[in-house]
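User: Could you take a close look at one part of this structure for me? I'd like to hear how the middle of the sheet is put together and what sits around the ligand.

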Amino acid sequence: MFIKAIRLDGVPHDGYPFSLPAVRALAGGGDLRLPTPVTLLAGDNGSGKSTLIEAIAVAAGFNPEGGSTSFNFATRASESSLGGHLTLVRPPGRRPRTGFFLRAESYYNVATEIERLGDSLLASYGGVSPHQRSHGESFLDLATHRFGPGGLYLLDEPEAALSVHGCLALLLRIADLVAAGSQFIIATHSPVLLASPGATILEITPDGPIQRVDFDQAQPVALTRAFLADPARFLDRLLADEH
Ligand SMILES: Nc1ncnc2c1ncn2[C@@H]1O[C@H](COP(=O)(O)OP(=O)(O)O)[C@@H](O)[C@H]1O
Ligand SMILES: [Mg+2]
């Protein structure tokens, strides 16, 4: 474990990102503990998951647009100032050997940077330019070849590129890397990834507070389960509510 907790002491101003209910709740809530090697951050669209993951990445020394700690390109600076205000609580003397910040939204730019840096770097990503792989294949290449033991990995909605089968492959890779001393913090809507063994699920509630929930309580799991139990009936009810 490289990050045991996250803390935000106060908010410097009222604008974004400090206007977000989740950020306000974090500021007033003491340490947000990350007790297990895998932390899964759930919450509806717009609840602040990307803002939070990106801020943790910036505080941990990653490029805000994604990549490893040695990437420092910027296509379009859009990161919030939250990273500069977060405190990462780290166990003394434990530093990750490696790491990666994966943002589904901007992996295209990271792929361009990997190409630009040349063949010797490309080898550690599986040897094929991510631009010559499908979006999902390039994510799995990254997890298979570039991720390694003793690393810190921050992933923002990795399922955006992945089939259900691909999510299961990623889940297995995560389990292997955790057994080899890695830590993951993952924003996700995927019920498959939310099932990562031994993970802590933190869900951003509509009012802002970030709550620890069980797998069965997590909204993507409960909603998907209710839908799959009887899709036609579920949709009938939704449509009836709309009219
Ligand atoms: N650069 C920005 N400036 C202003 N507001 C932003 C910016 N980025 C995101 N937001 C707002 O912050 C909220 C949370 O965004 P985000 O963290 O991307 O949510 P999530 O990843 O949970 O879907 C959204 O309502 C979004 O409109
Ligand atoms: Mg997001």
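Analyst: Here's a walk through one strand, its sheet, the ligand site and two backbone oddities.

Some housekeeping before we start. This is a predicted model, where local features need pLDDT of at least 70 and side-chain atom pairs count only at pLDDT 80 or more, while totals for chains, interfaces and linings use all residues. Residues are numbered from 1 along each chain as its sequence is written, chains are lettered from A and ligands numbered from 1 in the order in which they are written, and side-chain values use heavy atoms, with hydrogens and water left out.

Let's set the scene with the sheet. Six strands make up an open, mixed sheet, in the order 5-6-7-3-8-9. Strands here are DSSP runs of E with at least two residues, helices are runs of H or I with at least four, and both are numbered from the N terminus; two strands pair if DSSP finds at least two bridges between them. Strand 5 (98-103) and strand 9 (210-213) are the edges, each pairing on one side only. On average, neighbouring strands of this sheet are turned by 15 degrees against each other, direction ignored; the axes behind that are lines fitted to C-alpha atoms (for helices, over the stretch in contact), and angles run from 0 to 180 degrees between N-to-C directions.

Now zoom in on strand 3. On one side, strand 3 (residues 38-42) runs parallel to strand 8 (residues 200-204), with four bridges joining them. In that pairing T39 stands opposite T200, and A42 faces E203. Strand 3 also runs parallel to strand 7 (residues 183-187), again through four bridges, and there L41 sits opposite A187.

How enclosed is strand 3? Five of its five residues are buried, so strand 3 is largely enclosed by the rest of the structure. Buried means under 20% relative accessible area, exposed means over 50%, and partly exposed is in between (1.4 Å probe, protein chains only). V38, L40 and A42 point one way, T39 and L41 the other, and all are buried. L40, in strand 3, counts as buried because its relative accessibility is 0%. The C-alpha atoms of L40 and A195 are 9.4 Å apart, though the two residues are 155 apart along the chain.

On to ligand 1. Of the 11 residues around it, G46, G48, K49, S50 and T51 come nearest; a residue is near if one of its heavy atoms lies within 4 Å. That shell splits into two nonpolar, seven polar and two charged residues. Nonpolar covers Ala, Val, Leu, Ile, Met, Phe, Trp, Tyr, Cys and Pro, charged covers Asp, Glu, Lys and Arg, and the others, Gly among them, are polar. An oxygen atom of ligand 1 lies 2.8 Å from an N or O atom in the side chain of K49. A backbone N or O atom of G46 is 2.7 Å from a ligand oxygen, and for S47 a polar backbone atom lies 3.3 Å from one. Taken alone, ligand 1 exposes 560 Å², and the protein buries 57% of that.

Finally, the backbone oddities. Most residues other than glycine have a negative phi, and most peptide bonds are trans. Y16 and P17 are joined by a cis peptide bond, with omega about 0 degrees; P17 lies in the loop between strand 1 (5-8) and helix 1 (21-28). E157, in the loop between strand 6 (151-156) and helix 6 (164-179), has a positive phi near 50 degrees. E157 is partly exposed, at 21% relative accessible area.

Terms used: Polar contact = N/O pair within 3.5 Å; in protein donor to acceptor, adjacent residues only side chain to side chain. Areas by Shrake-Rupley, 256 points an atom, 1.4 Å probe, with all protein chains shown as cover.
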